[in-house]
Amino acid sequence: MVTKLQIRSTFIVLTAISVGIVMASNEQQPREYQEQREESVHLGFGRFKVALTTVLTMEIIMQLAVIFAYPSGFIDDFRDANTTTGGALLMVMRMEERGQIAPRDISQLLDSLEEMGCAGTASQVQAFFLEHVPKHTGNRAMTLNRQFSPELFDTMTTFIRELKQTCRTLYDKIQPIPYIKEKMYSVDKVFIEVGIEYCDTQGSWKTLGSYHGIFSVAKRSSRTQIIEGDPGYGKSTLALQLVYDWCNEVSDSPFSKPDILIFLNLRQLGGITSIIDAIEQVLLPRDSSVKRLDVEQLLNNRDIRILVIFDAYDEYPDQDIEDNFVTQILEEKMLRHVDVLLTTRSSCIPPACGSRTGRIRLTGFDEGAQEQYVRKAVTGDDEEVQRILEQFNKNPILRDICQAPLFSVMYAHVAHEEEEFHNVRSVTGFFEYMIDCFHSHAQNKVSGGKREQLQMFADNHRELDKLAFDSLTGANQQLLWDKKVLIEKFGAEFYGLYTDIGILVEEEVIKRSRGAKRAQSIQYRTEVHFYHKLFCEWFAACHLAKRVTSFQALFRNFCKRVNPYDLQFVYRFACGINPAAAKKIINLVQKKPDGDKFAVLCALEQEENTEDILSTIRDIVSRDVYIRENDTRLLQRTMVQLLELASQKEIPVTCLTLDQFIDRSDVTASSMVLASGLSLSLSVSRPSRPS
């Protein structure tokens, strides 16, 4: 029963708008000409693919498959082909699927053939391409060649080619489910547009029709745009799609327009003090002919259109170091002519980004996006698609959890593999079930004593828990570890299991010593990180949940160092894992600003502890309850659940304030629909007058 209801202001929900990039007038061409040119390019590319099959021997096919890191299933298919021609046709299809050849770019194939020592074949392939695929005025190399000196052009061409080679290794190895190694995709094969909003000049969030419009809505007083979102909302996947568009010169994407695109995952850049060092260590190959001075010259050339993408600022180890090079670029103390995109969690906006900075917010998957993903990346069978979607729809809690694309993607693939999906009632339950699926997949491959050992590692992961906890709560986040250190810490068998099932991921990185010659300074080492930061938060929560009741000092120090909204899932997971821990955590977070909402999130993670949930609800609704437009749909759903539980248990709600997001046309005497689509049923009564 709601004693008092306030609606501060309402407005009709805006429909989605599509905003395109405004191109310079000298680049505009009649639509008919553009369509004819595109058709000509694609027809020519088809003829090129046929010609390509005539020079691909089985030996070349097998060598390319190794270089491209194709899964073993692909290689078996090549071997099983009845003829060399059949294997060549299949190879061409795979290369196109994975972006190694495209209508406007075959450089990855040419580079690989040269690396194999097949220079003659590479020349033939290039000749086929030039013969069959018509030149197009949008070709970046042709444009740049007219603008710069031959020396600068040659350096820039090499630099761009090497950047693309590195970028392809990033966007071409997407694993929706980490333990299914054979299912690896190019990002364009799994990318689905999530909901996108932009912050206008008045500070209001408006719908953006497509990621193509990101820079068209930018605040022109700043060259920096932030792409923000909750954990698992697809920020890094979107960043990789932008990289794909640039590498493949996707004709209808504005992100194909920059001359140079620099993509840097900030998780990898701890201790690196300049963007040139970062480019040398992370993006350039060991035998690069591009010198440090060349990179500096290119970055400082104002005639070159450059886009820098800084991915995962919330994982940047040096974000608290004053005047780090990322901050200098964001504050425009250097490279003022460069466009910058930075991805980060909504709770971790860089202080250097002021009111002039453009802001884009990802709002997650709706039902339409979920269906698109299932059809695109999971199965094309209509009956199976409907079975998976029915699982979404029959569980409203699961449906809201899967607004986060990371959860939606994992669920869709697991649901395709499993006949029945576990009925989850909280994010903790969902994540726990996913972790169990990872371990079950590994255990199903073995038997006897080995199976028992794997189960022991699944149940006992204290060292991993502590590592995750310490990494998130230290002075600087550390989300990368040396492989040798982890094997020594965990043991080879434990480490092997957690890398096999994909919870831990290896990557080879280059470390160069400053001042030494490049050939002398190169050191390669294998570093390890969690598949996603949420997995790190899960294991950190396991550590916290086991110790919060017995180690009060540890808990107090943790709460002082970690803002609940920065690492919300550590708190929420801990509440779901250990009800005794939940009580202490909820009592603490309620004392923080806007802590009531967060307390609700924590309380609803306790699936079995009904009395503690009701106690928390009584406490929260005894004060004013707010639901705001800017709250995530999951948080809005949580508040609606709280009100529904209060109504079922006849707990009076003192005051409910709905701030700025009710569609007037849906307001009735007993219910209303929020702009997010959630329905809120209310029973409003006036407080009785004193006698």
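These legends walk through several close-ups of one predicted model.

Local features are described where pLDDT is at least 70 and side-chain atom pairs count only at pLDDT 80 or more, while totals for chains, interfaces and linings use all residues. Residues are numbered from 1 along each chain as its sequence is written, and side-chain values use heavy atoms, with hydrogens and water left out.

**View 1. The whole protein, with 30 helices and 15 strands.**
Helices (H or I, at least four residues) and strands (E, at least two) are DSSP runs, numbered from the N terminus. Of the 691 residues here, 54% are buried; buried means under 20% relative accessible area, exposed means over 50%, and partly exposed lies in between (1.4 Å probe, protein chains only). Take the contacts (heavy atoms within 4.5 Å) between residues at least 6 apart in sequence: 71% of them join residues at least 24 apart.

**View 2. An open sheet of 7 strands.**
Reading across, the order is E3-E2-E8-E4-E7-E6-E5, and the pairing is mixed. E3 and strand E5 (260–265) sit at the edges with a single partner strand each, so one side of each has no neighbour in the sheet. On average, neighbouring strands here are turned by 25° against each other, direction ignored; the axes behind such angles are lines fitted to C-alpha atoms, for helices over the stretch in contact, and angles run from 0 to 180 degrees between N-to-C directions. Two strands count as paired if DSSP finds at least two bridges between them. Strand E4 (residues 224–229) and strand E8 (residues 358–364) have 4 bridges and pair in the parallel sense. Look for Gln-225, which stands opposite Gly-358 in E8.

**View 3. Thr-201, in the loop between strand E2 (195–199) and strand E3 (205–208).**
Is this residue, Thr-201, buried or exposed? Thr-201 counts as exposed, because its relative accessibility is 68%. Thr-201 and Ser-355 are 154 residues apart in sequence, yet 9.2 Å apart in space, C-alpha to C-alpha.

**View 4. Two loop glutamates with positive phi, Glu-249 and Glu-332.**
Glu-249 belongs to the loop between helix H10 (235–247) and E5, and its phi is near 45°. With 12% relative accessibility, Glu-249 counts as buried. Glu-332 is in the loop between helix H13 (325–330) and strand E7 (339–345); its phi is about 60°, although it is not a glycine. Glu-332 is buried too, with a relative accessible area of 18%.

**View 5. Strand E12 (residues 624–628) and its two faces.**
Side chains alternate along E12: Val-625 and Ile-627 point to one face and are buried, whereas Asp-624, Tyr-626 and Arg-628 point to the other and are not. E12 runs parallel to strand E13 (residues 655–659), joined by 5 bridges. Where Tyr-626 is concerned, the bridge partner in E13 is Thr-657.

**View 6. The largest cavity, with a volume of about 30 Å³.**
On a 1 Å grid over the protein atoms alone, a cavity is a set of points where a 1.4 Å probe fits but cannot get out, and lining residues have an atom within 4 Å of a point. Points are joined across faces, edges and corners, and a volume is the space filled by probe spheres set on them. The count is 1 cavity of 30 Å³ or more. Which residues line the largest cavity? They are Gln-175, Pro-176, Ile-177, Ile-180, Lys-183, Tyr-185 and His-413. This lining divides into 4 nonpolar, 2 polar and 1 charged (Ala, Val, Leu, Ile, Met, Phe, Trp, Tyr, Cys and Pro count as nonpolar, Asp, Glu, Lys and Arg as charged, and the others, Gly among them, as polar).

Notes: 1 Å grid on protein atoms, 1.4 Å probe; cavity = no way out; pocket = protein on both sides within 12 Å on 5 of 7 lines; lining within 4 Å.
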